Amino acid sequence: MKGNNSSLTGRILKRRREPVSNTNLLMAITVCTFFGMYLVAMIVWGGGFLNPQQFLDLFNNNAYLLIIACGLTMVMISGGIDISGGGITALVTMVCVVYLEDHGGTVMGSLLIALGIGLAFGLVQGILTAYLEIQPFIVTLAGMFFARGMITIVSIAPRTASHEGFLRLKQARITLPGIGYYGKTGNFIPAQIEPGVIVAIAIVIVVAVVLKWTRFGRNLYAVGGNSHSALTLGINVKRTKFFAYLFAGLLSGIGGYVYLLHTGAGDAANAAQAEMQAIASNIIGGTLLTGGVGNVIGTLFGMLSLKTITNIVIASGLTKPYYQSITTGFMLCFFILLQSVILSVREKGSFRLLLPEWLKFGKANNS
Amino acid sequence: MDSLIKKLARSQLVIPLFSLLLIIVFNLVRDVGFFSISIVTNNQGYPVLSGNLISILNGASAVAIMSIGMTLITSCCKGQDISVAAVAAIAGSVFVSVLRSREITIPVLIAAFLYSCLVSVLFSIFNGILVAVFRIQPMIATLILFSAGRSIAYWINGGATPTISNPLLAAVGGFIPGIPIPTPIIIMVIFLILISLVLKFTTLGLFTQVVGINEGTAHLNGINPVVVKLVAFVISGICVATAGCITVCRIGLINHETLLLDAEMDVILAVAIGGTALSGGRFNLYGSVTGAYIIQALTVTLYAMKVPSAAVKAYKAAVIIIIVVLSSPKVKDFIVHIYKKLFKKQENIKIPVKAA
């Protein structure tokens, strides 16, 4: 029982309470985990975790990741996978910097280039996966290779943007009224966010609305849940999948520009492993790779949880980078197992079925 | 003739062999001497084979060995193991940490290899349990080790990147004195023969494909999908450990960050090019191995064309997309359709002639 197809039965049997859908349940777990984790961190480590700026820096540093992850959520709900996000992000940063520096470009032009690159990748990957039915993993893997390779063709050395208009945009900060912290000298420093964060939050809201209340969004869940049923219901499966990849590409392009606004440099090593972090955010947020289940709000909290655990590991004195990736691995493991148990219990109604097949078979024979 | 075309269109080996042929022809046209093999004397004073063909066969051996395990996993689990390179780094680290503590002799070398195999198999079984028992998508389940694996490798050697140099290791990674063929090629061939024999004389291959095609049917027919999947992961673990050890021997040091970097992507590509559907089911072991050689041949060709090493990825991606598009069932059907149309037109022309 994937997705929330129980609303109809809920209406017919008025007395019975409508069960929570898988999407909402998994999302609720993630949200609770994040708040619980942050609360514990505030109590145990205090210090930085009590500082609102550190919380906002989670957004400042990872706005691009959030944008890529939003695109990926749509693709994953439709039952596919897109691992080209990090590559496109890095390519966009490099191309935009080179355009701004060497070709006398304008800020508007560079933004258009970013959108164009994203759209082009989304278009090609969408056609190849949706209409030619090639495995999305291979197509987007090739997309990632292509993007990473193109960066060094554009420029081998890392470049830094020094375009005036762009720098003004890059250094723009939005001050949040009323929130802030007291510096060492006792003066009040208001908390600030970067413009990229506004973009990221706007995209999260837009994607959430699209997924919840538009025909395209509902089609995505239908296609991901069961593409054959979706086809018999008259949904254009291929077009739905195509648009999922197209939007994912476009959002990766926007993510690239936000990354550039954050760092101001084009480098082949930019956004390294961003695709895997985006996938991890989605998984922690309760989006299933099998499709049909997921929510972009969950992705937001998945990303926040992923980054908060890293902060906690650093705060507890394990500053070496390998501790961070090991804890990330453990956290993923925990969430994956939790989801597996919960979904299995909800589908089949008992824990017993989680046992290996041979154990289960033995029991069935005995009874 | 018509049935032959249909057979060719359905066969899994056509596209990989065709693309390999294309790369070879391209190279021969570009430079007639590209595949010439010469015998040179290496710095130990033994005659060894040298040339682009040898470097293709030699360079691809690690990816080819790993692609054997990946093919089995892909076939029965309907997904890919993306942690192979990270697990290979762990296996390599274990291998080095055993070798560093003792004087290197042949028994110690074998013991170190077996020990790294054991560790690698244990990690593979961890993946396998997540996939088979907990029914988690392979890509998600192996994402755990993908993100944590290299850190575990770092921890095994205490964060150092030790070098090891010994004539014995040089023999495994390079040439055995007196034999002109690089040892990795020999190991690869032995591995392929062993796996082929196992598949030939046991029902493993059949069971793997059955589980991949329909798990429920397999279960009803008395095949235990959990065991079949775990066996695939164990075999993959051994393959991965071998690939890791060979690579360590070849470069003579263990660097947990760069050992077989991005190899998991190459391995999955090799499987896909080889004609095994990434959604599971029928598999083709020789296709996967051919796929690994195609990727390496492509890389060597691009290097020979003076393409900068970092930019090779872009060209590789373009060629891979072309190969995958050509081998997709939709395009295949389209080509067969076009061919039939042309063929029938000729018949139509012939018929009036006969009637007259």
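## A tour that starts at one glycine

Select G165(A) first: this residue is partly exposed, as 13 other C-beta atoms lie within 10 Å of its own. Keep in mind as you click around that this is a predicted model.

**Around G165(A).** Colour by secondary structure and you'll see that G165(A) lies in helix α7 of chain A, residues 164–171. What does G165(A) touch, leaving out residues up to four places away in sequence? Show T106(A) and V107(A), and you have its contacts. Now pick I205(A), which is 40 residues from G165(A) along the chain; the two C-alpha atoms are separated by 28 Å.

**Two helices of chain A.** Next, select residues 85–102 of chain A, which form helix α4. Measure from the first C-alpha to the last in your viewer: the 18 residues reach 26 Å, close to the 26 Å expected at 1.5 Å a residue. Is α4(A) mostly covered or mostly open? Mostly covered, with 15 of its 18 residues buried. Step past the end of the helix and you meet G104(A), whose phi is positive, near 60°.

Now jump back to residues 22–44 of chain A, helix α2. Its 23 residues should span 33 Å at 1.5 Å a residue, and the end C-alpha atoms are indeed 33 Å apart, so the two agree. Try highlighting the buried residues of α2(A), among them L26(A), M27(A), F34(A) and A41(A). Some of the buried ones carry other kinds of side chain, including N22(A), T23(A), T30(A) and T33(A). Just after this helix sits G46(A), with a positive phi of about 55°.

**A hairpin.** Select residues 174–182 and 188–193 of chain A: these are strands β2 and β3, which pair in the antiparallel sense over five bridges. Zoom in on Y181(A) and you'll find I189(A) of β3(A) standing opposite. Five residues lie between the strands of this hairpin, and in it G186(A) takes a positive phi near 95°.

**Over to chain B.** Hide chain A for a moment. How many helices and strands does chain B have? There are 16 helices and two strands. Turn the chain around and compare its extents: along the principal axes, the C-alpha trace spans about 90 × 55 × 40 Å. A compact globule of 356 residues would have a radius of gyration near 21 Å, and chain B has 23 Å, which agrees. Of those 356 residues, 46% count as buried. Among the contacts in chain B with a separation of 6 or more, 76% join residues 24 or more positions apart.

**Where the chains meet.** Bring chain A back. The contact takes 45 residues from chain B and 37 residues from chain A. On the chain B side, helices α7, α12, α13, α15 and α16 each supply at least two residues. Look at α7(B) in particular, as the largest share, 13 residues, comes from there. What kinds of residue make up this side of chain B? They divide into 33 nonpolar, eight polar and four charged.

**Last stop: the core.** Finish with the largest nonpolar core, which has 199 residues; I67(A), M66(B) and A88(B) have the most contacts inside it. The helix that gives the most to this core is α12(B), with 15 residues. In soluble globular proteins, nonpolar side chains tend to be buried together. Centre your view on M66(B) and show what it touches beyond four places away in sequence: V84(B), C239(B), V240(B), A243(B), A263(B) and V267(B).

Terms used:
Residues numbered from 1 in each chain as written. Chains lettered and ligands numbered in written order. Predicted model: local features only at pLDDT ≥ 70, side-chain atom pairs only at ≥ 80, totals over all residues. Helix = DSSP H or I, 4+ residues; strand = E, 2+ residues; numbered from the N terminus. Rg over C-alpha atoms; globule rule 2.2 N^0.38 Å. Buried ≥ 20, exposed ≤ 12 C-beta atoms within 10 Å, placed from the backbone. Contact = placed C-beta atoms within 7 Å. Nonpolar A, V, L, I, M, F, W, Y, C, P; charged D, E, K, R; others polar. Core = buried A, V, L, I, M, F, W, Y, C linked by C-beta atoms within 7 Å. Expected span 1.5 Å × (residues − 1). Pairing = 2+ DSSP bridges.
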